[in-house]
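Subject: Handing over a structure, with notes

Dear colleague,

I am passing on the structure we spoke about, and the notes that follow it set out what was found. Please read them with the sequence and the coordinates open beside you.

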Amino acid sequence: HVLEGFRQRKSDQILNTLPDGIAVTDADARITFANQALAALLAVGDELTGKTMADCLELDPAGHPDHPLLDPELQLRDVVAELSRSGDSSQGVWRIARCPLRGGDAAKGQGHVWLVRDVTQQKLADQMRNQFVYSATHELRTPLSNIKAYAETLALSDVMSVDQQKEFCNIINTEATRLARLIDDLL
């Protein structure tokens with residue numbers, strides 16, 4: 001029993017060192033172990049034992065009827081889902097992985113191991129990148145459209161004065177310079 005107690009304390013110590021929230025639930029979906037990182041992510045006291053992960057994650061079956069973490073058909077499968085805190089991604093986003101415990105009577109279900117990771121910063125970075133790409137694309141498209149329009153007009157026009165041709169060439173040159181400046185700024 002002394003060796004088993006040492007192994008259990010060492011396992012708990014290792015799991016409490018990890019930055020991701022980890023919980024183990026039994027066949028009745030009640031938490032039997034939760035590390036300190038999970039308590040910190042959930043902003044609750046250290047005592048999670050006996051509660052359900054659905055309650056801790058505020059997953060109400062009535063409000064989230066199609067959520068994969070609540071689907072009884074997926075109880076024996078690995079499930080990964082993202083959950084916005086308070087239903088608002090600006091409040092934070094968690095990536096939650098739930099894996100069934102293996103061993104014993106697999107058909108009966110022995111419980112699950114849960115991994116909860118805060119991916120808010122990653123989601124915000126993705127949003128900023130998408131916004132930047134949209135803005136950059138829009139800014140590049142304007143001078144490119146002008147260059148194309150003036151070049152097509154020059155190519156298709158049979159009757160155009162030399163002064164007007166020079167003016168169009170100057171506009172094309174100005175827009176090409178603007179486009180080059182934008183690209184330099186991006187780089």
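**Thr120 and helix H4**

Thr120 is buried, with a relative accessible area of 11%. Please keep in mind throughout that this is a predicted model, and that every value quoted here was computed from that model. Thr120 belongs to helix H4, and, once residues up to four places away in sequence are set aside, Thr120 touches Arg85, Gly92 and Val93. The buried residues of H4 are Thr120, Ala136, Pro143 and Ile147, and what covers them includes strand S4 (93-100), strand S5 and helix H5 (162-186). As for the length of the helix, H4 runs over residues 120-156, and its 37 residues should span 54 Å at 1.5 Å a residue; the C-alpha atoms at its ends are 53 Å apart, which agrees.

**The sheet**

In what order do the strands of the open sheet follow one another? The order is S2-S1-S5-S4-S3, with 5 strands in the sheet and antiparallel pairing. Strand S2 (31-34) and strand S3 (79-84) are at the edges and have a single partner strand each, so one side of each is left without a neighbour in the sheet. On average, neighbouring strands of this sheet are turned by 20 degrees against each other, with direction ignored.

Taking the pairings in turn, strand S1 (residues 21-25) is joined to strand S5 (residues 112-118) by 5 bridges, the two running antiparallel, and within this part of the sheet Ile22 stands opposite Leu115 in S5. S4 and S5 also run antiparallel and are joined by 7 bridges, with Trp94 standing opposite Asp118 in S5. S3 and S4 pair in the antiparallel sense over 6 bridges, and here Val80 stands opposite Ala97 in S4. Of the 8 residues of S4, 6 are buried, so this strand is largely enclosed by the rest of the structure.

Val79 offers a closer view of the edge strand S3, in which it lies. Val79 is buried, with a relative accessible area of 5%, and its contacts, not counting residues up to four places away in sequence, are Pro68, Leu69, Leu74, Ile96, Ala97 and Arg98. From Val79 to Glu4 there are 75 residues in sequence and 31 Å in space, C-alpha to C-alpha.

**The nonpolar core**

In soluble globular proteins, nonpolar side chains tend to be buried together. In this model the largest nonpolar core has 20 residues, and those with the most contacts inside it are Met53, Leu57, Trp94 and Ile96. The elements that give two or more residues to this core are helix H2 (36-42), helix H3 (53-56), S3, S4 and S5, and H2 gives the most, with 4 residues. Trp94 has a long list of contacts, which, with residues up to four places away in sequence left out, reads Leu41, Leu42, Leu57, Ala81, Glu82, Leu83, Arg85, Val116, Arg117, Asp118 and Val119.

**Exposed positions**

Is Ala40, in helix H2, buried or exposed? At 58% relative accessibility, Ala40 counts as exposed, and its C-alpha atom is separated by 9.8 Å from that of Asp20, the two residues being 20 residues apart along the chain. Asp28, which lies in the loop between S1 and S2, is likewise exposed, with a relative accessible area of 62%. The C-alpha atoms of Asp28 and Glu82 are separated by 23 Å, and these residues are 54 residues apart along the chain.

**Cysteines**

How many disulfides does the structure hold? The number is 0. For Cys56, the closest cysteine sulfur is that of Cys99, and at 18 Å from the sulfur of Cys56 it is too far for a bond, given that a disulfide requires sulfur atoms within 2.5 Å. Cys56 counts as buried at 15% relative accessibility, whereas Cys169 is partly exposed, with a relative accessible area of 41%.

With best regards

Conventions. Residues numbered from 1 in each chain as written. Predicted model: local features only at pLDDT ≥ 70, side-chain atom pairs only at ≥ 80, totals over all residues. Heavy atoms only, no water. Pairing = 2+ DSSP bridges. Axes fitted to C-alpha atoms, helices over the stretch in contact; angles between N-to-C directions. Expected span 1.5 Å × (residues − 1). Buried < 20%, exposed > 50% of the residue type's maximum accessible area, 1.4 Å probe, protein only. Contact = heavy atoms within 4.5 Å. Core = buried A, V, L, I, M, F, W, Y, C linked by side-chain atoms within 4.5 Å.
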